[in-house]
Amino acid sequence: MRRVGLYPGTFDPVTNGHLDIMQRATHVVDHLIIAVANSPGKNPAFTPPERVKLLRGLIKEHDFGDCTIEVRSFGSLLMHFADEVGARVIIRGLRAVSDFEYEFQLATMNRSLAPDIESIFLTPKESLIYVSSSLIKEISDLKGDISKFVHPTVEQALRAKLDT
C-alpha cells in the first residue's frame, strides 16, 4: 500500500529549510504532496499560483529517490484536503522549541478532526534551523544577502517581487 504524505505550508517563499524537510519526508512516505496554503491573512508576497510554480520548478531540480512529489494549492481545512488527496500522514517541520507548542496544538486538533491521520515532525539540518520565510522576506526587503537560505530561482523571484 502506498504511503501518501502531505507537507502543508505557506512557502512564501520556499526556503532551503523547506527543501530539507521535503527530502527527509521522502524517507517516510512513497508519495509526498506539497500543499501550498492560500493563507491570505499572512499577507504573502507571492500568490498561490506563483508559489506552486516556484515549488514545481525546484522539485524538478532535486532527486527525491523513489518518492513521487506533487505540488498543489488548497484553501480548505487541512484535514479535509488530506482526506481528499488520500494522505494519511501530515509532515510538519520543527525549527525550535518555540515551534513545538504551536505544532503540538495543531496536531492535537487535527487528530481530533481526523483520528486516522498521523502527524510527523521533522527537523531540518542544523545549518537551516533558524531560517524562516518571514526572516528571508525581511532580509531581502532590506537588500541583505539571502543566497545561503534559498535557491537562486527563489532569490531572483523574491528580489523581483519586492523591487516592484
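**Exercise 1.** Which pattern does the chain follow when read along the sequence?

*Solution.* The model is predicted. Start with the inventory: six helices and five strands. Placed in sequence order, these elements give β-α-β-α-β-α-β-α-β-α-α.

**Exercise 2.** Work out the order of the strands in the open sheet, and explain why β3 and β5 each have one side without a neighbour.

*Solution.* Step one is the order: the five strands are arranged as β3-β2-β1-β4-β5, and their pairing is parallel. Step two concerns the ends of that order. Strands β3 (68-74) and β5 (118-122) are at the edges and each has a single partner strand, so one side of each lacks a neighbour in the sheet. Step three adds the twist: on average, neighbouring strands of this sheet are turned by 30° against each other, direction ignored.

**Exercise 3.** Describe how β2 is joined to β3, and find the bridge partner of Val 36.

*Solution.* Strand β2 covers residues 31-37 and runs parallel to β3, with seven bridges between the two. For Val 36, the partner in β3 is Ser 73.

**Exercise 4.** Test the chain against the expectation for a compact globule.

*Solution.* For 164 residues, a compact globule would have a radius of gyration near 15 Å; the value for the chain is 15 Å, so the two agree. Along the principal axes, the C-alpha atoms fill a box of roughly 45 × 35 × 30 Å. Next, burial: 45% of the 164 residues count as buried. The accessible surface is about 9,000 Å², and carbon and sulfur atoms contribute 55% of this area. Finally, among contacts with a separation of 6 or more, 74% are between residues 24 or more positions apart.

Notes:
Residues are numbered from 1 along each chain as its sequence is written. This is a predicted model: local features need pLDDT of at least 70, side-chain atom pairs count only at pLDDT 80 or more; totals for chains, interfaces and linings use all residues. Side-chain values use heavy atoms; hydrogens and water are left out. Two strands pair if DSSP finds at least two bridges between them. Helices (H or I, at least four residues) and strands (E, at least two) are DSSP runs, numbered from the N terminus. Axes are lines fitted to C-alpha atoms, for helices over the stretch in contact, and angles run from 0 to 180 degrees between N-to-C directions. The radius of gyration is taken over C-alpha atoms; the globule rule is 2.2 Å times the number of residues to the power 0.38. Buried means under 20% relative accessible area, exposed over 50%, partly exposed in between (1.4 Å probe, protein chains only). Contact means heavy atoms within 4.5 Å. Accessible areas come from the Shrake-Rupley method with a 1.4 Å probe; for residues, only the protein chains shown count as cover.
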